[in-house]
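Work through the exercises below with the sequence and the structure open.

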Amino acid sequence: MPRVALVTGGSRGIGAAISKALKAEGFGVAATYAGNDDAARAFTEETGIKTFKWDVASYEDCAKGIAQVEAELGPIDVLVNNAGITRDKPFHKMAPEDWNAVINTNLTGLFNMTHNVWGGMRERKFGRVINISSINGQKGQFAQANYSAAKAGDLGFTKALAQEGARAGITVNAVCPGYIATEMVMAVPEKVRNDVILPQIPVGRLGEPEEIARCVAFLASDDAGFITGSTISANGGQYMA
Ligand SMILES: NC(=O)c1ccc[n+]([C@@H]2O[C@H](COP(=O)([O-])OP(=O)(O)OC[C@H]3O[C@@H](n4cnc5c(N)ncnc54)[C@H](OP(=O)(O)O)[C@@H]3O)[C@@H](O)[C@H]2O)c1
């Protein structure tokens, strides 16, 4: 039986690249998404990877969704917490809704997902939890008090849980991408990308989703069994944590 991997937000952007990379490594893969049915349908047609729709911000929906994935594919061995959103605003303009939406998806979503697979991983004495944080959780970013707080929280979550999982055969690690060429970043005006973002990146280009996916595939592999509580920074040298 192939190991089973679940990738949240696995139908688009970085998540789609992760889903494909894990499939190529021989995992049975489930990709979740929030609401973009057309993108999910196109992704399944292209890759043959099944998609499941629920909101990671809801604990109950995560419990139900994970039970459905496990009934169809088998117990989840690898969880990639990748789903994430931005609601960027300078702090003085940031509304409670902007704060709550980002914290509930990008931080509480990790609790909701991981809590619902943790018991099974402990029983089976194997698990890989890989959290997609961000360079902006490491260094902070103007107009992202909500996002930076959530992504920094993801790193604390990773390190605490790594200590709890170690004796149970579960590794917990994080990947911090820098600027990656996905819809999230391509939505930034081209002039801002060229004049503001690119000059900050020593390698002189945006990263590719596949470059993050390869980090995740490594952390999910047996070769990474001695690595836990770590953060891989993949940011073109923009920030050396
Ligand atoms: N792109 C970058 O440069 C960059 C840099 C650092 C970190 N990151 C992080 O990397 C991750 C992926 O980013 P991306 O750029 O690939 O994003 P993206 O292209 O916007 O894709 C986001 C994915 O997450 C799903 N999603 C969003 N909210 C969700 C929710 N509440 N419940 C379930 N799924 C949800 C989306 O589903 P729908 O398709 O249904 O909307 C989509 O599949 C995020 O955590 C992001 O913060 C990205």
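The exercises concern a ligand and the pocket around it.

The model is predicted, so local features need pLDDT of at least 70 and side-chain atom pairs count only at pLDDT 80 or more, while totals for chains, interfaces and linings use all residues. Residues are numbered from 1 along each chain as its sequence is written, and side-chain values use heavy atoms, with hydrogens and water left out.

**Exercise 1.** Describe the shell around the ligand.

Solution. Count the residues with a heavy atom within 4 Å of the ligand. There are 29, and the closest are R12, G35, N82, Y147 and T182. By class, 14 are nonpolar, twelve polar and three charged, with Gly counted as polar and Tyr as nonpolar.

**Exercise 2.** Find polar contacts of the ligand (pairs of N or O atoms within 3.5 Å).

Solution. Start with the backbone: ligand oxygen atoms lie 2.6 Å from a polar atom of G35 and 2.9 Å from one of A34. Then take the side chains: an N or O atom of K151 is 2.8 Å from a ligand oxygen. Finally, consider cover: of the 900 Å² of accessible area that the ligand has on its own, the protein covers 93% (Shrake-Rupley method, 1.4 Å probe).

**Exercise 3.** Place the ligand in a pocket.

Solution. The ligand sits in the largest pocket, meaning that more than half of its atoms lie within 2 Å of the pocket's grid points. A pocket is an open set of points on a 1 Å grid where a 1.4 Å probe fits, with protein on both sides within 12 Å along at least five of seven lines. Helices α1 (13-24), α7 (145-165) and α8 (183-186) each give two or more residues to the ligand's shell.

Note on methods. Near = heavy atom within 4 Å. Polar contact = N/O pair within 3.5 Å; in protein donor to acceptor, adjacent residues only side chain to side chain. 1 Å grid on protein atoms, 1.4 Å probe; cavity = no way out; pocket = protein on both sides within 12 Å on 5 of 7 lines; lining within 4 Å. Helix = DSSP H or I, 4+ residues; strand = E, 2+ residues; numbered from the N terminus.
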